[in-house]
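This report considers the strands, pockets and cysteines of a single protein model. The sequence and the coordinates are shown first.

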Amino acid sequence: MSPRELVTADGTKLHLELSGPDDAAVTVVLVHGWTQDLTCWEPVVQRLRDQRLLRYDHRGHGRSTPARRGTATIEQLADDLAEVLGAVVPEGRLVLAGHSMGGMTIMALAERHPELVSRRVAGVAFVATSSGEMNRLTLGLPGLAGRGVTRAEPRVRNLLERRRKDTLPGSPGFLAPFTRWLAFGRGAARADVLDVSAQALRAHPASIAGFLEAITRHDRRLALAALRGTPAVVLAGQLDRLCPVPHARVIADELPEAEFVYFPKAGHMLPYERADEVAARVRALTKVPVLSGV
């Protein structure tokens, strides 16, 4: 494992980790979601330990510095990803795997940096993500309760923006019941729920407020056209409240050659809940046989 730091063009420090053989033909790039950090990929990393892997913390998340004013946008995340790739893996083929907001980042990369994608990307995995209409999210709640979710979003964002400290209050144990309900399906391990809760508590409140607004404005169904013909897989959990199955099907419809994989009883956190299957699909994109035993 080789931790390092990249300072972006606007002065934001991004924490990076690069592992695996330097002479690998393909680098797998793992892009995390909202309120998480690179550690959310750890179960998948353990199953791809012979691959060259690059993962990093988005600005405002994990050990990266907060998003500067006006930069908590999906567009900026795409530019950050392009900058990371240019600095850390400037040559060679890439397989991009994006979970949730990470998948949105890859869509924006295809929109903003199509030449990079067409020249270097050998495969894409969209893991529990969406191409748009996130402003209509109901978290699976019916009727008035579901409509209340939409009305509550600006209030949540305002509370986060007004937080003066660099992290949120509370403990992983206190947040765990909400995390389990919101982000996981049935039978989730308590250690995984605590891990995801801890990541949220490490995120910078004002930054994640900005990204929350950006997610509601995310609309990149048309941008997926730049990825047609690229080997792809779309992974969806039956009980995902944050990026429901219909959102995944929209992506698959736009990428008709992509493999669509549906996981019964799973929620949003597929890198934890279905780590074996996620790793196997990512590995298939690199054209390398699956490891036996983890």
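Which residues of β3 lie on one side and which on the other, and are they buried or exposed? The model under discussion is a predicted one. On one side of β3 are Val-26, Val-28 and Leu-30, on the other Thr-27, Val-29 and Val-31, and all of them are buried, leaving both faces covered. The count for the strand, residues 26-31, is accordingly 6 buried residues of 6. In general, side chains of a regular strand alternate between the two faces of the sheet.

**Strand β3 and its partners**

β3 pairs with strand β5 (residues 93-99) in the parallel sense, over 6 bridges. Within this pairing, Leu-30 has Ala-97 of β5 as its bridge partner. β3 also runs parallel to strand β4 (residues 52-56), to which it is joined by 4 bridges. Here Thr-27 is matched with Arg-52 of β4. The connection between β3 and β4 involves helix α1 (residues 42-47), and the three elements make a right-handed β-α-β unit.

**Strand β7 and its partners**

Strand β7 (residues 232-237) is likewise described by its burial: 6 of its 6 residues are buried, so the strand is largely enclosed by the rest of the structure. Ala-232, Val-234 and Ala-236 occupy one side, while Val-233, Leu-235 and Gly-237 occupy the other; both faces are covered. Strand β6 (residues 121-127) runs parallel to β7 and is joined to it by 4 bridges, with Val-127 finding its bridge partner in Leu-235. Strand β8 (residues 259-263) pairs with β7 in the parallel sense over 5 bridges. In that pairing Val-234 is the bridge partner of Phe-260. Helix α9 (residues 245-254) completes a right-handed β-α-β unit with β7 and β8.

The strand pairings are collected below.

| Strand pair | Sense | Bridges |
|---|---|---|
| β3 and β5 | parallel | 6 bridges |
| β3 and β4 | parallel | 4 bridges |
| β6 and β7 | parallel | 4 bridges |
| β7 and β8 | parallel | 5 bridges |

**Pockets**

The largest pocket holds about 1,100 Å³ of space. It is lined by 40 residues, of which Trp-34, Val-156, Phe-178, Leu-182 and Leu-212 are the closest to its centre. Helices α5 (143-162), α6 (172-183), α7 (190-202) and α8 (205-217) each contribute at least two residues to this lining, and the largest share, 8 residues, belongs to α5. By class, the lining comprises 27 nonpolar, 11 polar and 2 charged residues.

The second largest pocket has a volume of about 340 Å³. Among its 14 lining residues, the closest to the centre are Ala-67, Arg-68, Arg-69, Gly-70 and Ala-206. The largest share of this lining, 5 residues, comes from α8. Its residues divide into 3 nonpolar, 6 polar and 5 charged.

**Cysteines**

How many disulfides does a search of the whole structure find? The search finds 0. A disulfide is a covalent bond between the sulfur atoms of two cysteines. The closest cysteine sulfur to that of Cys-40 is in Cys-243, and because the distance is 13 Å, it is too far for a bond. For Cys-243 the closest cysteine sulfur is in turn that of Cys-40, again at 13 Å. Cys-40 is buried, with a relative accessible area of 0%. Cys-243 is buried as well, with a relative accessible area of 3%.

Conventions. Residues are numbered from 1 along each chain as its sequence is written. This is a predicted model: local features need pLDDT of at least 70, side-chain atom pairs count only at pLDDT 80 or more; totals for chains, interfaces and linings use all residues. Side-chain values use heavy atoms; hydrogens and water are left out. On a 1 Å grid over the protein atoms alone, a cavity is a set of points where a 1.4 Å probe fits but cannot get out, and a pocket is an open set with protein on both sides within 12 Å along at least five of seven lines; lining residues have an atom within 4 Å of a point. Grid points are joined across faces, edges and corners, and a volume is the space filled by probe spheres set on the points. Ala, Val, Leu, Ile, Met, Phe, Trp, Tyr, Cys and Pro count as nonpolar, Asp, Glu, Lys and Arg as charged, and the others, Gly among them, as polar. A disulfide is a pair of cysteine sulfur atoms within 2.5 Å. Buried means under 20% relative accessible area, exposed over 50%, partly exposed in between (1.4 Å probe, protein chains only). Two strands pair if DSSP finds at least two bridges between them. A crossover is right-handed if, with the strands pointing away from the viewer, the path from the first strand over the helix to the second runs clockwise.
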